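This report describes the sheets, the enclosed and open spaces, and the unusual backbone geometry of a predicted model. The sequence and the structure are shown below.

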Amino acid sequence: MAISRLFIANRGEIAVRIIRAAQKLGIATVQGYSEADQDMLAVKLADEAVCLGSAQSKDSYLSIPNVMEAVRSSQADAVHPGYGFLSESPEFVRQVEAAGVTFVGPSAATIERMGDKVEARKAAEAAGVPVVPGSKGRIETVDDAAKVAAEVGYPVMVKAAAGGGGRGIRVADTEEELRKLAPQAQQEAEAAFGDGGLYLERAIRAPRHIEVQILGDGREVIHCYERECSLQRRRQKVWEEAGAICLDKKTCEALCASAVALAKDVNYRGAGTLEYLYDEVSNEFFFIEMNTRIQVEHPVSEMITGVDLVQEMIRVCSGEKLSITQDQVKRDGHSIEVRINAEDPHMQFMPWPGKLTAMSLPEEDGVRFDHFLYEGYQIPPYYDSLLGKAIVHAPTRAEAISKLKRVLTGIKLDGLKTTIPLHLALADDPAVQAGAFHTQWLEPWLAAGNLKPIQGDAA
């Protein structure tokens with residue numbers, strides 16, 4: 001069924017991104033917003049806007065009853081969830097579809113299966129995709145965790161079976177540590193996701209975090225190559241690239257083929273990402289989880305392929321076939337994205353939800369900004385601090401880094417403290433320039449005092 005009126009159940013930069021994609025497809029848009037977001041750019045850009053409730057996410061963006069009432073009252077025939085909030089809620093998908101509305105994403109069954117790390121692991125094994133040695137199912141007790149750890153060998157990583165974002169993760173080097181940390185992981189998982197179930201896997205020291213962007217129409221699946229997302233702080237990505245220079249061609253092809261095989265095996269529909277750990281020492285990659293939604297870092301994949309992932313997921317979820325085949329997806333050059341957050345990196349990344357008094361963004365070929373800012377906008381303190389993303393594209397990685405430095409230096413966001421100084425420092429670092437980093441690299445780098453104050457920095 002063709003989509004004519006799309007409801008955006010999200011906020012910030014991804015809401016703006018979805019609106020712009022829908023406009024290019026000739027689809028009318030309805031923006032849901034909280035009371036704190038009534039002046040948000042997405043509200044101004046959409047054809048219509050409906051208030052979802054108060055500032056607190058649980059009473060607006062996370063409230064299924066409130067969102068569903070807004071969808072019905074606006075007479076939308078489709079819902080795009082963006083990322084975060086209700087984007088990976090099977091119950092939300094069921095209610096959307098029960099109302100006769102199209103959900104722009106995979107089915108509730110797929111989200112349920114791939115959103116549970118244990119079930120996703122089983123699906124990966126069934127599809128012949130390598131996984132990190134670990135538990136075969138959910139772990140409910142500390143004694144069970146100790147038994148599995150003895151089999152796979154220390155160090156081990158304990159993870160929440162549900163959810164993501166680094167919540168509920170602990171690493172133990174000994175059984176004594178495991179018995180201390182597993183209950184902590186259970187409590188955190190229960191508090192964050194309402195599910196204290198755990199699973200356990202062998203910990204890979206200093207891995208690279210590599211992911212593959214896929215698109216499916218429920219029948220066919222293609223990939224848009226891999227991304228490198230190893231520069232992380234507190235398990236949150238801060239800098240992403242496409243592609244991953246640590247992979248040789250053969251390994252890269254095997255990685256992407258495994259992602260397509262798994263997505264096909266679960267009849268995937270929409271845009272999705274399969275995440276892997278890559279061990280440079282052994283040249284092995286292991287599937288860890290699937291994100292059944294569009295991701296923050298999707299623009300780097302778009303920049304190297306020319307594929308509009310958001311438009312494509314709207315099309316396939318309305319019942320169309322993929323508009324491109326795998327042999328039409330060509331890799332071109334290198335792309336880097338940095339997340340610009342309203343945080344002071346010189347003050348332990350303290351949030352800085354101020355008022356944007358003046359703004360200027362440099363323009364040139366191969367440069368893109370995904371954001372929701374305008375002069376005079378007051379950043380609300382209730383949500384994630386992401387202001388937007390600066391994305392650059394160039395023929396080579398070295399040229400992309402050079403362009404990124406030039407672009408970041410030219411950004412003007414008066415009235416705010418942002419993470420731009422962090423990205424400038426990273427772009428200047430010899431290890432980053434050489435691609436010699438891993439998921440555990442950034443925090444010791446920060447602790448060593450490598451982030452120096454920039455003279456005259458106003459952003």
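## The antiparallel sheet

Eight strands make up an open sheet with antiparallel pairing, in the order β13-β12-β9-β10-β11-β14-β19-β18. Its edges are formed by β13 (284–291) and β18 (367–371), each of which pairs on one side only. From one strand to the next, the twist averages 25°. Helix α9 (residues 249–265) packs on this sheet, where the helix touches β9 (208–217), β10 (221–233), β12 and β13. The direction of α9 makes about 110° with that of β10.

At the β13 edge, the neighbouring strand is β12 (residues 269–279), and the two strands pair in the antiparallel sense over 7 bridges. Within this pairing, E275 has E289 of β13 as its bridge partner. In general, the strands of a sheet pair through backbone hydrogen bonds, either parallel or antiparallel. Both senses of pairing occur in this model, with the antiparallel sense in the sheet just described and the parallel sense in the sheet that follows.

## The parallel sheet

A further open sheet has 5 strands in the order β3-β2-β1-β4-β5, and its pairing is parallel. Here the edge strands, each pairing on one side only, are β3 (48–53) and β5 (102–103). Helix α3 (residues 64–74) packs on the sheet and touches β1, β2, β3 and β4. Its direction makes about 155° with that of β3.

The pairings can be followed outward from β1. Strand β1 (residues 5–8) is joined by 4 bridges to the parallel strand β2 (residues 28–34), and I8 stands opposite Q31 in β2. Between these two strands the chain passes through helix α1 (residues 12–24), giving a β-α-β crossover that is right-handed. Strand β1 also pairs with β4 (residues 78–80), in the parallel sense and over 3 bridges; in this pairing F7 stands opposite V79. Strand β4 in turn pairs with β5 in the parallel sense over 2 bridges, with T102 in β5 as the bridge partner of A78.

## The second largest pocket

The second largest pocket has a volume of about 240 Å³. Which element supplies the largest share of its lining? That share, 6 residues, comes from α1, the helix of the right-handed crossover between β1 and β2. At least two lining residues are supplied by each of α1 and β18, and β18 is an edge strand of the antiparallel sheet.

The lining consists of E13, V16, R17, R20, A21, K24, L41, D308, R368, F369, D370 and H371. By class, these residues divide into 7 charged, 4 nonpolar and 1 polar.

## The largest cavity

The model contains 3 cavities of 30 Å³ or more. The volume of the largest cavity is about 80 Å³. Strands β18 and β19 (386–394) are the elements that give two or more residues to its lining; these strands stand next to each other at the end of the strand order of the antiparallel sheet.

The residues lining the largest cavity are I340, M359, L361, F369, D370, H371, L373, L387, G388, K389, I411 and L413. They comprise 8 nonpolar, 2 polar and 2 charged residues. F369, D370 and H371 line the largest cavity and also line the second largest pocket.

## Unusual backbone geometry

Most residues other than glycine have a negative phi, and most peptide bonds are trans. Where does the model depart from the trans form? A cis peptide bond joins Y154 and P155, with omega at about 0°. P155 lies in the loop between α7 (142–152) and β6 (156–160). Another cis peptide bond joins A242 and G243, again with omega at about 0°. G243 is placed in the loop between β11 (236–242) and α9, the helix that packs on the antiparallel sheet.

R234 is not a glycine, yet it has a positive phi of about 55°. This residue is found in the loop between β10 and β11, two strands that are neighbours in the order of the antiparallel sheet.

Methods. Residues are numbered from 1 along each chain as its sequence is written. This is a predicted model: local features need pLDDT of at least 70, side-chain atom pairs count only at pLDDT 80 or more; totals for chains, interfaces and linings use all residues. Side-chain values use heavy atoms; hydrogens and water are left out. Two strands pair if DSSP finds at least two bridges between them. Axes are lines fitted to C-alpha atoms, for helices over the stretch in contact, and angles run from 0 to 180 degrees between N-to-C directions. Contact means heavy atoms within 4.5 Å. A crossover is right-handed if, with the strands pointing away from the viewer, the path from the first strand over the helix to the second runs clockwise. On a 1 Å grid over the protein atoms alone, a cavity is a set of points where a 1.4 Å probe fits but cannot get out, and a pocket is an open set with protein on both sides within 12 Å along at least five of seven lines; lining residues have an atom within 4 Å of a point. Grid points are joined across faces, edges and corners, and a volume is the space filled by probe spheres set on the points. Ala, Val, Leu, Ile, Met, Phe, Trp, Tyr, Cys and Pro count as nonpolar, Asp, Glu, Lys and Arg as charged, and the others, Gly among them, as polar.
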